[in-house]
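Trainee: I've just opened this one and don't know where to begin. Could we walk through it together?

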Amino acid sequence: VLLVGCKSDLRTDLFTRSHSRHTPVSYDQGSNTAKQLSAPYLECSSLQSENSVRDIFHVATLACINENSKNMKRRKSSRATKRTSHSGRDVSTGVTTHYQQTKAKSCALM
Ligand SMILES: Nc1nc2c(ncn2[C@@H]2O[C@H](COP(=O)(O)OP(=O)(O)OP(=O)(O)O)[C@@H](O)[C@H]2O)c(=O)[nH]1
């Protein structure tokens, strides 16, 4: 989960500050809410910079890739444990069995 504060330009917009009934959220408010969610906090303004919006997608993409690779590592290690227990060998020795080697080569990524 990423928490994204949008329209960050309104924080410094004089018209918004003097005429709007709503007060823009401060960086600290956004950041604290993100902490409660255990999520990174980012801000952007499509009005000020297209790059800032692109950066959000960049960070979100990297977060997805990292999450996927973590999940794959978790899946791999749980499969290794299963294989080891299936082969009846002790994992704590760190010895790679022939069974593990041949199975690892046959895995398919979807
Ligand atoms: N000040 C400011 N206004 C913005 C920004 N991004 C969008 N707006 C304005 O917000 C309004 C809504 O923008 P949209 O791009 O239509 O937002 P949306 O949420 O996709 O709206 P829908 O397409 O109706 O779902 C428009 O008047 C935009 O000009 C921003 O970064 N800063």
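**A first walk through the model**

Mentor: Let's start in helix 3, which covers residues 50-87 and holds S52. Keep in mind that this is a predicted model.

Trainee: Okay, is S52 buried or exposed?

Mentor: The cut-off for buried is under 20% relative accessible area. S52 has 16% relative accessibility, so S52 counts as buried.

Trainee: Leaving aside neighbours within four places in sequence, which residues is S52 in contact with?

Mentor: A polar atom of the S52 side chain lies 3.1 Å from the backbone oxygen of S45, which gives you one of the names. With neighbours within four places in sequence set aside, the contacts of S52 are C44 and S45.

Trainee: Let me zoom out. In what order do the elements run from the N terminus?

Mentor: The protein chain has 4 helices and 2 strands. Starting at the N terminus, they run β-α-α-β-α-α.

Trainee: What share of the residues counts as buried?

Mentor: The protein chain exposes about 9000 Å², and carbon and sulfur atoms supply 56% of that. As for buried residues, the chain has 110 residues in total, and the share that counts as buried is 16%.

Trainee: How much of the contacts with a separation of 6 or more comes from residues 24 or more positions apart?

Mentor: Think of S52 for a moment, which touches C44 and S45 beyond its neighbours in sequence. Over the protein chain, among contacts with a separation of 6 or more, the part from residues 24 or more positions apart is 51%.

Trainee: Which element has the highest mean pLDDT?

Mentor: The protein chain averages a pLDDT of 80, and 72% of the residues score at least 70. Among the elements, helix 4 (residues 98-105) has the lowest mean, 50, while the highest, 97, belongs to helix 2 (residues 27-36).

Trainee: And where is the pLDDT below 50?

Mentor: There's a stretch with 5 contacts in the model beyond near neighbours in sequence. The pLDDT is below 50 there, over residues 87-94.

Trainee: Back to helix 2, then. Why do its buried residues line one face?

Mentor: The buried residues there are G30, S31 and A34. Looking down the axis of helix 2, these buried residues line one face because they fall within an arc of 95 degrees.

Trainee: What do the buried residues of helix 2 pack against?

Mentor: First, the other side of helix 2: D28, K35 and Q36 are exposed there. The buried residues, in turn, pack against strand 1 (3-5) and strand 2 (41-43).

Trainee: Which residue just after helix 2 takes a positive phi?

Mentor: Most residues other than glycine have a negative phi. The one you're after sits in the loop between helix 2 and strand 2 and is exposed, with a relative accessible area of 68%. With a positive phi of about 55 degrees although it is not a glycine, that residue is S38.

Trainee: What about K7, what phi does it have?

Mentor: K7 lies in the loop between strand 1 and helix 1. K7 is exposed, with a relative accessible area of 60%. Although K7 is not a glycine, its phi is positive, at about 55 degrees.

Trainee: I see a ligand too. Which residues surround the ligand?

Mentor: K7 turns up again here, with a polar side-chain atom 2.9 Å from an oxygen atom of the ligand. The residues that surround the ligand are K7, D9, L10, S45, S46 and L47.

Trainee: How far is a nitrogen atom of the ligand from an N or O atom in the side chain of D9?

Mentor: For L47, a polar backbone atom is 3.4 Å from an oxygen atom of the ligand. With D9 it is the side chain, and its N or O atom is found from the ligand nitrogen at 2.7 Å.

Trainee: How much of the ligand's accessible area does the protein cover?

Mentor: On its own, the ligand has 640 Å² of accessible area. The part covered by the protein is 31%.

Trainee: One last residue: which backbone nitrogen does the side chain of S20 reach?

Mentor: S20 is found in the loop between helix 1 (14-19) and helix 2. S20 is partly exposed, with a relative accessible area of 34%. At 3.0 Å, its side chain reaches the backbone nitrogen of H22.

Key
Residues numbered from 1 in each chain as written. Heavy atoms only, no water. Buried < 20%, exposed > 50% of the residue type's maximum accessible area, 1.4 Å probe, protein only. Contact = heavy atoms within 4.5 Å. Areas by Shrake-Rupley, 256 points an atom, 1.4 Å probe, with all protein chains shown as cover. pLDDT = per-residue confidence, 0-100. Arc of directions from axis to C-beta. Near = heavy atom within 4 Å. Polar contact = N/O pair within 3.5 Å; in protein donor to acceptor, adjacent residues only side chain to side chain.
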